[in-house]
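Grab a pencil and your favourite viewer. Here are some exercises, each with a solution worked out step by step.

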Amino acid sequence: MSDPISGAKDHIDAARKLAATIDDIPADTQLLPIKSVGVIGAGTMGGGITMNFLTAGIPVTIVEMTQEALDRGVATMGRNYENTVKRGKMEAADAQAAMARLTPTLDFGALAGADLVIEAVYESMDVKKDVFGRLDKVAKPGAILASNTSYLDIDEIASVTSRPESVLGMHFFSPANVMKLLEVVRGKATGKAQLATVMALSVKIGKVPVVSGVCDGFIGNRMLSPRQAQAHALIMEGANYWDVDEALLEFGFPMGPWQMADLAGVDIGWHRDPNRIETLRDALCAVGRWGQKTKKGFYDYDDNRQRTPSDEVKTLIADFAAKEGKPQREIGKDEIRERLLYPMISEGALILEEGISQRASDIDTVWLNGYGWPAWTGGPMFWADHIGLETVVAGLKKHGLPVAPLLERKAAAGEKFNA
């Protein structure tokens with residue numbers, strides 16, 4: 001961690017306030033009343049999303065497909081509230097009152113009275129379109145229909161309904177009852193009143209909302225993608241994977257990309273066939289290295305979740321690098337940091353140029369509140385302004401990486417993203 005960049009704190013505070021405003025929506029737009037909420041799916045995300053509303057005093061009807069899944073989800077929410085009370089963060093009576101606002105059911109038709117319905121089902125376009133098709137028939141006129149997708153096209157989801165103006169994305173971050181960021185995804189047909197309502201409601205449930213346009217991964221995950229690609233390329237070229245993590249830890253992130261993979265679960269999205277090994281992840285999963293939950297992923301973990309690098313993983317990486325014919329070399333922390341962070345800035349510039357994000361400071365707010373970007377920097381775009389956009393461009397070119405046209409133009413003109 002370095003000393004805070006001059007003006008970083010003021011920028012963060014101003015950016016957060018500004019993120020709540022939408023350029024083309026008047027401040028006096030009439031908001032829709034949200035007196036009750038429906039949530040589809042009682043898993044980790046659905047339960048976490050539900051708790052936000054229950055805690056804020058808004059009743060929730062939560063729907064599941066099986067009694068077992070429903071009971072499990074309700075029990076998890078109850079335990080989460082108990083733990084919050086034990087930690088002194090909530091009064092027992094308030095926790096009981098919150099749970100009393102919950103109506104668990106297997107009846108999809110019970111969503112008919114909700115003013116807002118959020119689906120938190122499996123991240124598959126076919127599954128989500130099926131849910132929204134059913135929801136369109138059940139939800140009352142005027143209800144807002146939201147998807148908790150983290151990547152998928154909101155416009156395509158909206159296309160199966162007769163009311164695309166009522167459809168938008170509400171991308172919560174896990175654990176959804178704790179994480180502050182909420183990406184509110186505006187489809188091409190999303191109504192102004194619906195968007196303004198959800199932005200205001202997000203603040204009411206304690207979130208920091210940021211508007212994103214429709215693209216793969218929205219603002220946050222789209223910028224994460226080139227970082228992950230470079231993290232993989234670096235270890236294939238000879239960088240130790242723990243050095244890749246350490247480079248970001250030293251910068252001030254709470255964890256690096258490989259620690260993050262272990263925490264989330266290396267097996268997420270794995271095809272489950274141990275004989276089909278096409279990627280490094282396949283190789284790790286085939287030998288049971290699924291992450292912290294199996295006490296071994298990229299790292300080995302002890303009972304206190306303390307990590308140590310694994311010789312087995314080092315060998316697997318070396319085997320893959322050899323298969324790909326990648327020559328190995330020593331790679332220093334400076335190159336690691338540049339190759340992880342500079343492509344994110346370039347992607348951020350594309351996001352701005354395409355109008356996916358209204359302003360550079362919104363990108364900073366996303367990364368500060370959802371991905372652990374270190375606050376001393378003021379956020380990725382503010383940090384890029386500070387080190388000089390010409391430095392970022394030169395670094396990208398040095399490593400043979402693409403430079404977004406807007407980034408190139410601003411660097412050449414001596415301009416900043418956050419003017």
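Before we start, a bit of vocabulary: two strands pair if DSSP finds at least two bridges between them. Helices (H or I, at least four residues) and strands (E, at least two) are DSSP runs, numbered from the N terminus. This is a predicted model, where local features need pLDDT of at least 70, side-chain atom pairs count only at pLDDT 80 or more, and totals for chains, interfaces and linings use all residues. Residues are numbered from 1 along each chain as its sequence is written, and side-chain values use heavy atoms, with hydrogens and water left out.

**Exercise 1. Work out in which sense β6 and β7 pair, and then place them in their sheet.**

Step 1: β6 spans residues 167-172 and β7 spans residues 181-185; the two run antiparallel, with 4 bridges between them. M170 makes a handy landmark, as V184 of β7 stands opposite.

Step 2: Now zoom out. The open sheet has 8 strands, ordered β3-β2-β1-β4-β5-β6-β7-β8, with mixed pairing. Its edges are β3 (102-105) and β8 (208-212), each pairing on one side only. On average, neighbouring strands are turned by 25 degrees against each other, direction ignored (axes are lines fitted to C-alpha atoms, for helices over the stretch in contact, and angles run from 0 to 180 degrees between N-to-C directions).

Step 3: Check the link from β6 to β7. P175 sits in that loop, and the peptide bond from S174 to P175 is cis, with omega near -5 degrees. Most residues other than glycine have a negative phi, and most peptide bonds are trans.

**Exercise 2. Decide whether the two faces of β5 are covered or open.**

Step 1: Recall the rule that in a regular strand the side chains alternate between the two faces of the sheet.

Step 2: Sort residues 144-147 by side. I144 and A146 share one side, L145 and S147 take the other, and all of them are buried. Buried means under 20% relative accessible area, exposed over 50%, and partly exposed in between (1.4 Å probe, protein chains only). Both faces are therefore covered.

Step 3: Look at the neighbour. β4 (residues 116-119) pairs with β5 in the parallel sense over 4 bridges, and L116 stands opposite I144.

**Exercise 3. Find out what the side chain of T161 reaches.**

Step 1: Locate T161 in the loop between α6 (154-158) and β6. T161 is buried, at 10% relative accessible area.

Step 2: List its polar contacts (a pair of N or O atoms within 3.5 Å; within protein, one must be able to donate a hydrogen and the other to accept it, and residues adjacent in sequence count only if both atoms are side-chain atoms). The T161 side chain reaches the backbone oxygen of A158 at 2.8 Å. A polar atom of that side chain also lies 3.2 Å from the backbone nitrogen of R163.

Step 3: Add the other neighbours. Leaving out residues up to four places away in sequence, T161 touches F132, D136 and V167 (contact means heavy atoms within 4.5 Å).

**Exercise 4. Which parts of the chain does the salt bridge between R329 and E237 tie together?**

Step 1: Fix the criterion: a side-chain nitrogen of Lys or Arg within 4 Å of a carboxyl oxygen of Asp or Glu. The whole structure has 31 such bridges.

Step 2: Take the pair. R329 and E237 meet at 3.3 Å, N to O. R329 is in the loop between α12 (311-323) and α13 (333-353), and E237 is in the loop between α8 (220-236) and α9 (241-251), so the bridge ties together parts 92 residues apart in sequence.

Step 3: Compare surroundings. R329 is partly exposed at 38%, while E237 is buried at 18%.

Step 4: Follow the network, which links E237, R329, E335 and R339.

Step 5: Try another one. R409 and E353 bridge with their closest N and O atoms 2.7 Å apart. R409 belongs to helix α17 (residues 405-413) and E353 to helix α13, 56 residues apart.

**Exercise 5. Where do R272 and R305, which have a positive phi, lie?**

Step 1: R272, with phi of about 70 degrees, is in the loop between α10 (257-264) and α11 (280-286). R272 is partly exposed at 45%.

Step 2: R305, with phi of about 65 degrees, is in the loop between β9 (299-301) and β10 (307-309). R305 is exposed at 56%.
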